[in-house]
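User: Please take a close look at one strand and what surrounds it, then work outward to the rest of the assembly. A connected account is preferred to a list.

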Amino acid sequence: MTTKDIIKPENLVYGKTKLMTENQMHYCPGCSHGVVHKLIAEVIEEMNIQDKAIGVAPVGCAVFAYNYIDIDWQEAAHGRAPALATAIKRLQPDKYVFTYQGDGDLAAIGTAETIHACNRGENIVIFFINNAIYGMTGGQMAPTTLEGMKTATCPFGRNTELNGYPLKISNLLAELDGTCYVTRQSVQKMASIVRAKKAIRKAFENSIAGKGTSVVEFVSTCNSGWKMSPHDSNKWMEEHMFAKYPLGDLKDTEKVHTEAK
Amino acid sequence: MEDFKLMKGNEAIAHAAVRCGADGYFGYPITPQSEVMETLMELKPWETTGMVVLQAESEVAAINMVYGGAGCGKKVMTSSSSPGMSLKQEGISYIASAELPCLIVNVMRGGPGLGTIQPSQADYFQAVKGGGHGDYRLIVLAPSTVQEMADFVGLGFDLAFKYQNPAMILADGIVGQMMEKVVLPPFKPRRTEEEVRQECPWGTTGKLPNRKRNIITSLALEAEVMENINLKLQAKYREIEKNEVRFEAHQCEDADYVLVAFGSIARICEKAMEMAREEGYKVGVLRPITLFPFPTNPIKELSQKVKGFLTVEMSAGQMVEDVRLTVNGTVPVEFYGRMGGIVPSAEEILAALKEKLIK
Amino acid sequence: MAKFKGAVVVNTERCKGCDLCVQACPSHVLGLADQVNSKGYHYSEMKHEDDCVGCSACGYVCPDACITVYKVKIQ
């Protein structure tokens with residue numbers, strides 16, 4: 001059987017979801033953002049909620065997220081996505097409202113909005129891309145930058161005396177009574193991608209069930225900012241990022257036990 | 001028979017918001033306007049009209065909630081006072097750029113800095129000239145009575161939706177805190193989801209199969225695109241200037257001297273005008289009701305026949321710059337003001353008029 | 001035991017040649033082309049068609065959604 005014989009619609013097992021637009025993404029080759037975008041789009045398609053999903057894009061690399069997933073979007077000011085999402089959800093309770101934020105947006109400039117939206121238990125989903133660096137502005141230090149990690153604004157490595165400590169903000173959010181589900185995922189391997197997709201779906205389901213805020217952190221790579229190849233970035237992430245940001249559920253009010261504490 | 005109620009200006013804002021069918025209020029407490037949210041919380045409109053009322057964690061969050069709500073085509077508002085308004089400026093710039101309707105109330109207090117909780121009008125520049133970054137304008141309404149506090153909520157929303165532009169009620173602490181009788185507007189139902197979709201086809205109400213996805217954004221990286229957005233905004237502002245000027249003139253027909261003042265100070269100027277007329281001086285009062293658009297034509301017309309203007313403000317002199325630009329040197333434009341929360345008296349104003357203009 | 005045979009179609013214009021699919025493929029089917037697309041990227045392509053089992057790992061890890069996978073059961 002030749003390749004040509006196999007390539008037929010009835011044999012299709014994997015393809016681009018229609019919810020992803022034809023716009024070519026502006027992300028650097030190998031960027032984790034693309035995979036996460038794809039998963040969110042796939043879940044929205046599978047749940048058949050295109051007419052009910054409203055995204056809030058951040059300031060940062062994902063500022064143009066609205067160009068790639070074919071749903072209604074709002075573009076927030078830096079860090080303010082959870083405030084927009086709060087109002088969108090409260091004014092339209094039947095919608096699936098989510099924010100998509102990076103580490104600078106969520107854990108630095110938008111810390112107050114993030115914590116208070118979670119603490120109010122807003123029935124929204126927060127997708128959090130943690131790649132430990134500011135990608136869009138050219139690789140500066142993020143609140144989640146690892147100790148010793150070099151960036152444009154800590155060229156000799158993050159020094160905790162000077163710069164403080166990497167912020168495990170998801171752990172903090174898991175402590176809040178308003179969150180129902182806080183999980184840390186990654187998207188570098190097929191198995192992890194399958195798990196991450198399940199987490200996305202669960203978060204959306206929580207939001208419409210009115211259980212409170214769901215936070216899905218994606219420990220991610222920024223190969224341009226890290227100055228490595230995409231493949232090396234994945235390996236570096238597994239070795240270094242996972243040590244500080246271990247994967248797993250930090251909180252799931254459905255389950256009593258917690259993992260990855 | 002009209003149903004008069006006695007209440008504070010801030011309370012009137014809250015009642016009017018519920019009655020005009022507002023969908024949401026997002027605020028953060030600050031003196032002297034906290035009664036707006038307090039009244040709303042007591043009214044519990046979520047149980048009657050379905051209006052959402054939420055105390056945010058900051059003014060920054062509150063204005064961004066307004067941004068989110070306005071992006072859905074909803075009738076949303078916030079209120080604050082001067083230091084809080086400074087915090088809201090970023091959000092207001094985004095809302096203006098994204099061309100979203102909303103209502104913002106500023107009950108001004110003395111500044112700069114943390115300043116004082118006493119009344120002031122020193123946020124005129126901030127409200128009328130932009131306040132945040134970039135070239136944008138708000139539609140600015142300046143109430144001088146509790147009745148106008150109530151009436152301008154509906155008017156502000158109407159103008160905001162007509163032009164897809166944020167509207168502001170720029171009140172001073174006096175109008176916010178004083179009690180007067182007021183006739184509240186009649187109850188108007190909130191729009192249904194279908195009506196919102198029809199009135200605001202651009203809103204993020206969920207992408208239906210029959211339309212493209214809606215995107216609310218203020219971002220356009222290409223210079224040409226961003227210039228075109230600016231040109232469109234400017235054309236809209238010219239249209240607002242053409243159509244929406246509102247002002248009130250008192251005894252200006254035969255006046256030799258005209259006092260120009262907005263908000264509660266215009267009422268003190270009326271008292272000064274009466275005292276001046278008793279002494280034989282022909283004095284009138286012109287009160288801009290819209291600060292943007294500014295009533296340039298009526299002031300220009302008056303400048304052809306009067307001997308001079310005295311602008312009176314609770315500031316170091318802000319609106320006086322617009323009066324001077326309008327009059328353009330044809331007759332003297334003098335200024336009298338008090339700062340830091342002090343309200344000028346009619347006697348002071350009359351004395352200033354005599355000293356600076358009548359001589 | 002059932003055997004599968006797969007085929008991968010790459011949207012070569014959308015591909016940025018990040019190499020993640022090449023690394024993810026357990027059967028070493030994929031490689032980067034010698035040619036470049038209009039953006040100058042060495043896009044991904046099947047180098048060893050016969051080895052593909054249609055597992056879709058390449059598609060899952062592709063950040064740019066440019067991979068389509070087909071699969072058939074063979075004797």
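Analyst: In chain B, strand β6 (residues 139–141) and β7(B) pair in the parallel sense, over three bridges. One position in that pairing is B:Leu141, which stands opposite B:Ile169 in β7(B). This is a predicted model, and all that follows should be read as computed from it.

The two strands are also linked through a helix: β6(B), helix α6 (residues 146–163) of chain B and β7(B) make a right-handed β-α-β unit. β7(B) has a further partner in strand β5 (residues 102–108) of chain B, to which seven bridges join it, and these two strands run parallel. There, B:Met168 of β7(B) is the bridge partner of B:Ile104.

Burial fits into this picture as follows. Strand β7 of chain B covers residues 166–172, and seven of its seven residues are buried. In a regular strand the side chains alternate between the two faces of the sheet. For β7(B), one side carries B:Pro166, B:Met168, B:Leu170 and B:Asp172, and the other carries B:Ala167, B:Ile169 and B:Ala171; all are buried, and both faces are covered. B:Met168, the partner of B:Ile104, is thus on one side, while B:Ile169, opposite B:Leu141, is on the other.

A contrasting element of the chain is helix α9 (residues 223–243) of chain B. Of its 21 residues, the number buried is one, so α9(B) lies largely in the open. Its geometry can be checked: at 1.5 Å a residue, the 21 residues should span 30 Å, and the end C-alpha atoms are 30 Å apart, which agrees.

Next, the contact with chain A. Here 32 residues of chain B are in contact with 28 residues of chain A. On the chain B side, the elements giving two or more residues are β2 (24–27), β3 (52–55), α3 (59–71), α4 (82–97) and β9 (215–216). Of these, α3(B) gives the most, with seven residues. By class, this side of chain B has 13 nonpolar, 13 polar and six charged residues.

β9(B) also takes part in strand pairing across the two chains. Strand β3 (residues 72–75) of chain A and β9(B) pair in the parallel sense over two bridges, with B:Ile216 in β9(B) as the bridge partner of A:Gln74. The resulting open sheet has eight strands in the order β10(A)-β8(A)-β9(A)-β5(A)-β4(A)-β2(A)-β3(A)-β9(B), and its pairing is mixed. β10 (248–252) of chain A and β9 of chain B stand at the edges, each with a single partner strand, so one side of each is left without a neighbour in the sheet. At the chain A edge, strand β8 (residues 179–186) and β10(A) pair in the antiparallel sense over four bridges; A:Tyr181 stands opposite A:Asp252 in β10(A).

Chain A has a contact with chain C too, taking 27 residues from chain A and 28 residues from chain C. The chain A elements that give two or more residues are α1 (3–6), β1 (12–14), α2 (32–46), α8 (190–209) and α10 (230–244). α2(A) gives the most to this side, with four residues. The residues of chain A on this side divide into 15 nonpolar, nine polar and three charged. Strand pairing occurs here as well: β1(A) and strand β4 (residues 67–74) of chain C pair in the antiparallel sense over two bridges, and C:Tyr70 in β4(C) is the bridge partner of A:Leu12.

Conventions: Residues numbered from 1 in each chain as written. Chains lettered and ligands numbered in written order. Predicted model: local features only at pLDDT ≥ 70, side-chain atom pairs only at ≥ 80, totals over all residues. Contact = placed C-beta atoms within 7 Å. Nonpolar A, V, L, I, M, F, W, Y, C, P; charged D, E, K, R; others polar. Pairing = 2+ DSSP bridges. Buried ≥ 20, exposed ≤ 12 C-beta atoms within 10 Å, placed from the backbone. Right-handed = clockwise from strand over helix to strand, strands pointing away. Expected span 1.5 Å × (residues − 1).
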